[in-house]
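Okay, everyone, thanks for coming. I'll pull the structure up, and then we'll walk through the strands and a bit of the surface.

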Amino acid sequence: MAGRVAGALVALFLLGVAPSAHAQTWMVSTTAQIKLGVLDKYGQIGPYTATFIVHNERTGKDYFLVKELVKGQTGVDVLFPTEPSDPTYFKSETGEAANPVPGRYTWECRVKGVKAVGGRFTFPEVGNDVTVVSSGK
């Protein structure tokens, strides 16, 4: 019985000195990604290897991603950059994972070693705003 009373007194003491929550603070993250793709519109090629190459114009680095398309697959879409935890991610020749660095990029997709499609994009700068919501007390 004395142990319960002592425990209750400790709990009341801790509740009395615990800081009260006055506002909610949010953690936030924003990541931009670019969707790239290639499609054999009429399915005439058969199985093929699609090699995506993205070139960062500011740093001069190239990032590669290889996708094997099997019979019945005519196309594939990929996101740049991919998460390094993904088994197939955009990486440089040295294995460095691509990062979403703001700036201008060019890209191409090679099918069976020949450039099939390509283009350019600009990675935007992203930012976050945090609003503190008061509990009104």
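So, let's start with a hairpin. Strand β7, residues 114-123, runs antiparallel to β6, and nine bridges join the two. If you want a register marker, take E108, which sits opposite G118 in β7. There are two residues between the strands of this hairpin, and K112 takes a positive phi near 55° there. Keep in mind that this is a predicted model.

Now the other partner of β6. Strand β3, residues 48-56, is joined to β6, residues 103-111, by seven bridges, and that pairing is antiparallel too. The marker here is N56, standing opposite Y105 in β6.

Next up, β2. This strand pairs with β5, residues 75-80, in the antiparallel sense, over six bridges. K35 has L79 in β5 as its bridge partner. And which residues of β2 are buried? I34, L36 and V38, which point to one face. On the other face you get K35, G37 and L39, and those are not buried. In a regular strand, that's the general pattern: side chains alternate between the two faces of the sheet.

Last thing, the surface. W26, V28, V130 and V133 make a nonpolar patch of about 390 Å². Let me zoom in on V28, which is in the loop between β1 (23-24) and β2 (34-39). Why do we call V28 partly exposed? Because its relative accessibility is 46%, and partly exposed covers the range between under 20%, which is buried, and over 50%, which is exposed.

That's my tour; over to you.

Methods: Residues are numbered from 1 along each chain as its sequence is written. This is a predicted model: local features need pLDDT of at least 70, side-chain atom pairs count only at pLDDT 80 or more; totals for chains, interfaces and linings use all residues. Side-chain values use heavy atoms; hydrogens and water are left out. Patches are made of residues with over 30% relative accessible area and no salt bridge: like charges are joined within 9 Å, nonpolar side chains (Val, Leu, Ile, Met, Phe, Trp, Tyr) within 5 Å. Accessible areas come from the Shrake-Rupley method with a 1.4 Å probe; for residues, only the protein chains shown count as cover. A salt bridge is a side-chain nitrogen of Lys or Arg within 4 Å of a carboxyl oxygen of Asp or Glu. Helices (H or I, at least four residues) and strands (E, at least two) are DSSP runs, numbered from the N terminus. Buried means under 20% relative accessible area, exposed over 50%, partly exposed in between (1.4 Å probe, protein chains only). Two strands pair if DSSP finds at least two bridges between them.
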